[in-house]
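Okay, thanks for having me. I'll put the structure up and then walk you through a few spots I looked at.

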Amino acid sequence: MSSRLGEILVRDSLISSDQLKQALEYQKREGGRLGTCLVKLGLVSDEDITAVLSRQYGVPSINLKFYEVDPTVIKLIPQETAVRYQIVPLSRVGSTLTIAMTDPTNVFAMDDIKFMTGFNVEPVVASETAITEAIGKFYGAAESVEELDKVMKDLAGEEAALELSQEEADMDLASLEKAAEEAPIIKLVNLVLTDALKRGASDIHVEPYEKEYRIRFRIDGVLQNVMAPPMKLKDAITSRIKIMSKLDISEKRLPQDGRIMIKYAKDGKKKELDFRVSTVPTLFGEKIVLRLLDKENLRLDMTKLGFEQESLDKFTKAILRPYGMVLVTGPTGSGKTNTLYSSVARLNTIDTNIMTAEDPVEFQLPGINQVQMKDQIGLNFASALRAFLRQDPNIILVGEIRDFETAEIAVKAALTGHLVLSTLHTNDAPSTISRLMNMGIEPFLVATSVNLICAQRLVRRVCSQCKEAMAITPQALVDAGYTPEESKATTVYHGRGCGTCNNTGYKGRVGLYEVMEINDELKELILVGASALELKKKALEMGMITLRRSGLLKIAAGMTTLEEVVRETVL
């Protein structure tokens, strides 16, 4: 195909024979397709190549630079397939899927896509440069795509060396270690880790199934498919990650926890990548989840977390008190740790002794004494708290109150002149009181020790690049919790989807906060054993902003969408 393309270009007087020779030598040295080499050398333009390919194959050509693709069409073909075959899905009409290709004669690619999607395939032609750029634009970072392409080619070339027996009984430690240290495997795992950072992922999920092996990223709280490496690489990839996180690669029956620290250069600056690794044995192999701990994503400025001013004032007042307890509640991944770290960063002065008990320590904060829990040797929250009280602390941060023992010591610490910050897993602020009592803490101890409870959630922000107003009925806004007057004056926004937000319409996240200050009236209700419903009613009377109300205010401010708030909160 390359020689024919060269001949056509010479015949059409677009390049000379000498220039063709120069391009072929360049191709021999650098690799890649002839068309791309000619464009890189500046001998022809991308448009010339596309026009020639179109005539050569008798297939229409397309200029991908000006073509916007529907995100639902992009989802039909995984990124690694698009990279492998150098294709971009463009549109679907009925049962026909139109795809842009560099080589429309590649029947293997067309058969594979037809089998994968169940649609008839209609090819149009585009240059390799345009397709690489389009894959980068529609699927993610272009550099990652090129690197992935290179790694996949390396893997294809070394499949024989990497092929491992699917039977665990036949597998020995030496072959696992050898496979994990193969260059393409190292490149592939490194690429996955760095690509997660580029895309702003918080977690990487590596999941084995019976007939599929997939890697997903959690971006802005939502899981997205990234790639599906060949099944035969499953054990090599798992072993590589376990070696990096200093785990036992021979132990496949028990869950393990570890950590990966990588140093790399970005924009001339040295950066440290920190991943928390957790493995769990499943039916078809070990599932691995890596939590990316990026210091740059840690916001320690409380004014930028998303608190309403009124709620922030209450929260700041509570953490500035010399003693008592401040509790932050919410499900896993709702940003509780970030709020606590922001609180201790605000309180971290030269005359304060701050001690934290965490499981695990996610970020190292200068000037704060952080202790990592180790249950296997008996160092749990309760024993750490007992030790802290002999360390002359001013402020104690307990990662989580999980049991009566921890709760009891935390309450006693709060009553004996220490400020205690901690988290609990409850749905809203009022139900936290009931939770403490269910743990076995007496109502009078809860009433006197707790200063404030803050419940929180994270919702995705509307992408600022493609944000636009959307039509919505006033009744839908009233159903969501707005008053009829507010519903007429509120404009709801959503993201159209663009390259910046990877066609999701969302970029980044913002917190919703429900802050309940425990004042004298609420203390009286707690003492008489009032229910969470009664506590909520009284707190609302006293001006508490609920999670749903916090969400409605952020919708009105154009920060998030109605769908996000309804998904994360209840009326």
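So, just after helix α13 sits Lys246, and Lys246 takes a positive phi of about 55°. Keep in mind that this is a predicted model.

Stepping back into the helix itself: α13 runs over residues 234–244, and how many of its 11 residues are buried? It's 10, so mostly covered, going by the cut-off of under 20% relative accessible area. The buried set has charged side chains in it, including Lys234, Asp235, Arg240 and Lys242. Ala236, Ile237, Ile241 and Met244 are also among the buried ones, and so are Thr238 and Ser239.

Now over to the surface. Tyr209, Leu283 and Phe284 make a nonpolar patch of about 330 Å². Where does Phe284 lie? It's in the loop between β8, residues 269–282, and β9, residues 285–292. Phe284 comes out at 34% relative accessible area, so we call it partly exposed. That also puts Phe284 over the 30% that a patch residue needs.

Last stop, the cysteines. How many disulfides does a search of the whole structure find? Zero. Take Cys498: the nearest cysteine sulfur belongs to Cys466 and is 3.7 Å away. The cut-off is 2.5 Å, so Cys498 is in no disulfide. As for cover, Cys498 has 14% relative accessibility, which means it counts as buried. Cys454 is buried too, with a relative accessible area of 0%.

That's my tour, happy to go back to any of these spots.

Definitions and conventions. Residues are numbered from 1 along each chain as its sequence is written. This is a predicted model: local features need pLDDT of at least 70, side-chain atom pairs count only at pLDDT 80 or more; totals for chains, interfaces and linings use all residues. Side-chain values use heavy atoms; hydrogens and water are left out. Patches are made of residues with over 30% relative accessible area and no salt bridge: like charges are joined within 9 Å, nonpolar side chains (Val, Leu, Ile, Met, Phe, Trp, Tyr) within 5 Å. Accessible areas come from the Shrake-Rupley method with a 1.4 Å probe; for residues, only the protein chains shown count as cover. A salt bridge is a side-chain nitrogen of Lys or Arg within 4 Å of a carboxyl oxygen of Asp or Glu. Helices (H or I, at least four residues) and strands (E, at least two) are DSSP runs, numbered from the N terminus. Buried means under 20% relative accessible area, exposed over 50%, partly exposed in between (1.4 Å probe, protein chains only).
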